[in-house]
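Open the model in your viewer and keep the sequence panel in sight. Each stop below names a selection and says what is there.

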Amino acid sequence: MRNDDVALIQRILAGDETAFGSLVRKYQKQVHALAFRKVGDFQNTN
């Protein structure tokens with residue numbers, strides 16, 4: 001898994017937008033869950 005991420009990051013740095021999308025999709029659920037735990041409610045605008 002880690003080598004895959006390194007390869008994706010290298011491709012991103014070379015300008016490969018598809019690789020960026022792949023990296024985002026790979027981690028978006030985990031990032032969303034972390035943000036939700038920190039914020040508590042995404043509908044809260046206060």
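Select Ser-22. Ser-22 is partly exposed, at a relative accessible area of 27%, because the class covers values between buried (under 20% relative accessible area) and exposed (over 50%), using a 1.4 Å probe and protein chains only. Ser-22 sits in helix α2. Now add Asp-5: the two residues lie 17 apart in sequence, and their C-alpha atoms are 9.7 Å apart in space.

A word on the model before moving on. It is predicted, so local features need pLDDT of at least 70 and side-chain atom pairs count only at pLDDT 80 or more, while totals for chains, interfaces and linings use all residues. Numbering starts from 1 along each chain as its sequence is written, and side-chain values use heavy atoms, with hydrogens and water left out.

Next, select Gly-21. Is Gly-21 buried or exposed? Gly-21 counts as buried, because its relative accessibility is 18%. Gly-21 also belongs to helix α2. Measure from Gly-21 to Leu-8, C-alpha to C-alpha: the pair is 13 residues apart in sequence and 9.7 Å apart in space.

Then pick Thr-18, another stop in helix α2. Thr-18 counts as exposed, with 54% relative accessibility. From its C-alpha to that of Leu-8 is 9.3 Å, across ten residues of chain.

Now show the helices. The protein has two helices and zero strands; these are DSSP runs numbered from the N terminus, helices being H or I of at least four residues and strands E of at least two. Select residues 2–13 for helix α1. It has twelve residues and spans 17 Å from first C-alpha to last, close to the 16 Å expected at 1.5 Å a residue (1.5 Å times one less than the number of residues). Just after α1, look at Gly-15: its phi is positive, about 100°.

Add residues 17–39, helix α2. α1 and α2 pack at about 140°, with axes 8 Å apart; axes are lines fitted to C-alpha atoms over the stretch in contact, and angles run from 0 to 180 degrees between N-to-C directions. That angle makes α1 oblique to α2, because oblique is what remains outside roughly parallel (under 35 degrees), roughly perpendicular (65 to 115) and roughly antiparallel (over 145). On the α1 side, contact residues (heavy atoms within 4.5 Å) include Asp-4, Asp-5, Leu-8 and Ile-12. On α2, Phe-20, Ser-22, Leu-23 and Tyr-27 are among them.

Finally, select everything. Of the 46 residues, 11% count as buried.
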